[in-house]
Amino acid sequence: CEGYDVTERVRAERALQQSEARHRQIFNSATDYAIIATDLDGVVTGWNEGARRLLGWTDEEMIGRTTHCFFTPEDVADGVPERRREEALLRGVAIEERWHRRRSGEQFWAVGEITPLRDDVGQIVGFVKVLRDQTG
């Protein structure tokens, strides 16, 4: 009969779960700001409560879709989402002040920034867009 002491593994798993829960709590507590994570192609991988409040879509509706739906049709046609991601890659950040669209179709003036999202070894795996309504 063999046995293994799993105490350290259980502690590590519990600490990871607590850390992930804390991250979700912080992410969703920033309700005045839309915080949107995407992959390198602009496909949404994370959507906080602030994004739901500001833009109108739930995370279930947005995960797996591109950010095109909340840019104006003119900006999408002009390639603005792609250019902002390219700028963020080149400069480390892309600052935006432009019109965006809510799920309802209403347009609003927003200020925000896009920054590269890095994994644990520093590899760029996507982007984080932080957006705030300035129409006041």
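A salt bridge here is a side-chain nitrogen of Lys or Arg within 4 Å of a carboxyl oxygen of Asp or Glu. In this predicted model, Arg 53 and Glu 49 fit that bill, with their side chains meeting at 3.4 Å, N to O. Both residues sit in helix H2, 4 residues apart, or about one turn of the helix. Glu 49 also pairs up with Arg 52, this time at 2.5 Å from N to O. That second pair lies in helix H2 (residues 49-55) too, with a spacing of 3 residues, again about one turn.

As for solvent, Arg 53 counts as exposed, with 52% relative accessibility. Arg 52 comes out as partly exposed at 34%, and Glu 49 is likewise partly exposed at 24%.

Helix H5 has a salt bridge of its own. Glu 87 and Arg 91 both belong to that helix and are 4 residues apart, about one turn, and their closest N and O atoms are 3.4 Å apart. The two ends of this bridge look quite unlike in accessibility: Arg 91 is exposed at 66%, whereas Glu 87 has a relative accessible area of 18% and so falls under the 20% limit for buried. Back in H2, shared partners tie Glu 49, Arg 52 and Arg 53 into one salt-bridge network. Over the whole structure, the search turns up 9 salt bridges.

Turning to internal space, the structure holds 1 cavity of 30 Å³ or more. The largest cavity encloses about 80 Å³. Its lining includes Ile 36, Thr 38, Phe 71, Arg 85, Ile 114 and Lys 129. Strand S1 (34-39), helix H5 (80-91) and strand S5 (124-133) are the elements that supply two or more lining residues, and S5 gives the most, with 3. Sorted by class, the lining is made up of 6 nonpolar, 3 polar and 2 charged residues.

Two of the lining residues, Lys 129 and Thr 38, are worth a further look. Lys 129 lies in strand S5 and is buried, with a relative accessible area of just 5%. Its side chain makes a polar contact of 3.2 Å with that of His 100. Setting aside neighbours within four places in sequence, Lys 129 also touches residues including Glu 96, Glu 113, Phe 70 and Phe 71.

Thr 38, in strand S1, is buried as well, at 6% relative accessibility. With residues up to four places away in sequence left out, the contacts of Thr 38 include Val 43, Val 44, Thr 67, Val 125 and Phe 127.

Technical notes:
Residues numbered from 1 in each chain as written. Predicted model: local features only at pLDDT ≥ 70, side-chain atom pairs only at ≥ 80, totals over all residues. Heavy atoms only, no water. 1 Å grid on protein atoms, 1.4 Å probe; cavity = no way out; pocket = protein on both sides within 12 Å on 5 of 7 lines; lining within 4 Å. Points joined across faces, edges and corners; volume = space filled by probe spheres on them. Nonpolar A, V, L, I, M, F, W, Y, C, P; charged D, E, K, R; others polar. Buried < 20%, exposed > 50% of the residue type's maximum accessible area, 1.4 Å probe, protein only. Polar contact = N/O pair within 3.5 Å; in protein donor to acceptor, adjacent residues only side chain to side chain. Contact = heavy atoms within 4.5 Å.
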